[in-house]
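Trainee: I have a structure open on my screen and I'm not sure how to read it. Could you walk me through it, feature by feature?

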Amino acid sequence: MASEALKDSQESATAAAAPRSGIVWLASYPKSGNMWTRAFLHNLVHVTSGQRRAQKINELDQFSVGSAGKSLFEEVIGFDLTDEHRAEVAAARAKVQQRIVDAVEGIVFVKTHQAIVIDREHPTINFAVTAGAIYIVRNPLDVAISYAHHLGKGVDFAIDFMNMKNAETPITAKQVYEVYGSWSQHVTSWTRKPHPAIYVMRYEDMLAEPQKTFGALARHLLFTPSESELADAIDRSSFERLREQEEKAGFKERPEKAERFFREGRAEQWKDVLTPAQVQRIVDAHGEQMRRFGYLPL
């Protein structure tokens, strides 16, 4: 499914390092820190504009949207969608993304778990309306644990899905399907070659060096927060703060089968949870990309 033609169009895109207008994708494989990054960006806008309260997690559509909202597609396609309408969804993605851009001035942050692929003869990402992307990558050994909880399934089920080439999600009451591919397909599609418009960061660095990691992200997006403003935005977006909000008010994006959305928020859980056989299955499937990002177990 991954297309060399799409790769070429990505490399020849006119998007520069500094977003000017259009979509800035907040992209990741699921359970890799996408929501955390989204919360940070909202809080950064709040802090630098003098707003005193932290961003509410149930109001994250204030400056950003998701790419797979079913209502967006049904407005374009014109009828209620079921799992039988995958071809219609694939054909409508470019128009839906154009509509998102047309509704705002300047840039808009759009959360996505899409891999960059050709799906049923249509690209999943419309580069004509793309200004750039932030891609967050996380150790797949930890992703498997978090994703299993997210799905309400066992770890082996999550590993099977992460290892599945060209994997797709279902069409649900709220979301159209997305094309994830395998974990390696997903990571490769967004990070195949360095590109000035795609800012790549590791979940583990967000945890270990938040000031450095989020500060670099802010500068990439041409924000110029003071050290205290940056620290405030990071604190407002900390995993503990986000989990506290969910415990008090719930979180509308929590899957029905998951006990909570914000669960652990730490690195190297796999050392305490995964069996040697499970570790080996993940390494066998994704060793090449794990090596690139320093994730191979010692």
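**Reading the sheet first**

Mentor: Let's begin with one pair of residues: V24 stands opposite F109 in β3. Keep in mind that this is a predicted model.

Trainee: Which strands does β3 pair with, and in what direction do they run?

Mentor: β1 and β3 are joined by 6 bridges and run parallel. A27 facing T112 is one position to look at there. Strand β2 (residues 64-66) also runs parallel to β3, through 3 bridges, and V65 sits opposite V110 on that side.

Trainee: What is the order of the strands in the sheet?

Mentor: Reading across, you get β2-β3-β1-β6-β7, an open sheet of 5 strands with parallel pairing. β2 and β7 (198-202) are the edge strands, each with a single partner, so each has one side without a neighbour in the sheet. On average, neighbouring strands are turned by 20 degrees against each other, ignoring direction.

Trainee: How should I picture the side chains along a strand?

Mentor: As a general idea, side chains in a regular strand alternate between the two faces of the sheet. Here, one helix that packs on the sheet is α4, which touches β1, β2 and β3. The direction of α4 makes about 120 degrees with that of β1.

Trainee: Is β3 largely enclosed or left open?

Mentor: Enclosed: 5 of the 6 residues of β3 are buried, so the rest of the structure largely surrounds this strand. "Buried" here is a cut-off, under 20% relative accessible area. For the protein as a whole, buried residues make up 52% of the 298 residues.

Trainee: Let's move to helices. What's the general idea?

Mentor: An α-helix has 3.6 residues a turn, so residues three or four places apart point the same way. There are 13 helices and 7 strands in this protein, and α5 is a good helix to practise on. Helix α5 (residues 140-151) has 12 residues and spans 16 Å from first C-alpha to last, close to the 16 Å expected.

Trainee: How many residues of α5 are buried?

Mentor: 10 of the 12, so α5 is largely enclosed by the rest of the structure. Among them are L141, V143, I145 and Y147, but also D142, S146 and H150. These buried residues pack against α6 (155-162), α7 (183-191), α12 (270-273) and α13 (276-292).

Trainee: And what should I look for at the ends of α5?

Mentor: At the start, a side-chain oxygen of N139 comes to within 2.9 Å of the backbone nitrogen of L141. After the helix comes G152, with a positive phi near 70 degrees.

Trainee: Which residues other than glycine have a positive phi?

Mentor: The general rule is that most residues other than glycine have a negative phi. Two to look up here are K31, with phi near 65 degrees, and N166, also with phi near 65 degrees. K31 lies in the loop between β1 and α2 (34-48) and is buried, at 16% relative accessible area. N166 lies in the loop between α6 and α7 and is partly exposed, at 26%.

Trainee: Which residues touch the most other members of the largest nonpolar core?

Mentor: Y29, Y147, W183, W190 and L274, in a core of 53 residues. Elements supplying at least two residues each include β1, β3, α5 and α13. Apart from this core lies another, of 22 residues, W36 and F214 among them.

Trainee: What does Y29 touch?

Mentor: Leaving out residues up to four places away in sequence, the contacts of Y29 include V143, Y147, F161, W183 and H186. H186 itself lies in helix α7.

Trainee: Is H186 buried or exposed?

Mentor: Buried, with a relative accessible area of 0%. The side chain of H186 also makes a polar contact with the side chain of Y135, at 2.9 Å. Beyond four places in sequence, S28, H113, Q114 and A115 are among the residues that H186 touches.

Trainee: What share of the contacts links residues 24 or more positions apart?

Mentor: 73%, counting contacts in the protein with a separation of 6 or more.

Conventions
Residues numbered from 1 in each chain as written. Predicted model: local features only at pLDDT ≥ 70, side-chain atom pairs only at ≥ 80, totals over all residues. Heavy atoms only, no water. Helix = DSSP H or I, 4+ residues; strand = E, 2+ residues; numbered from the N terminus. Expected span 1.5 Å × (residues − 1). Buried < 20%, exposed > 50% of the residue type's maximum accessible area, 1.4 Å probe, protein only. Contact = heavy atoms within 4.5 Å. Polar contact = N/O pair within 3.5 Å; in protein donor to acceptor, adjacent residues only side chain to side chain. Core = buried A, V, L, I, M, F, W, Y, C linked by side-chain atoms within 4.5 Å. Pairing = 2+ DSSP bridges. Axes fitted to C-alpha atoms, helices over the stretch in contact; angles between N-to-C directions.
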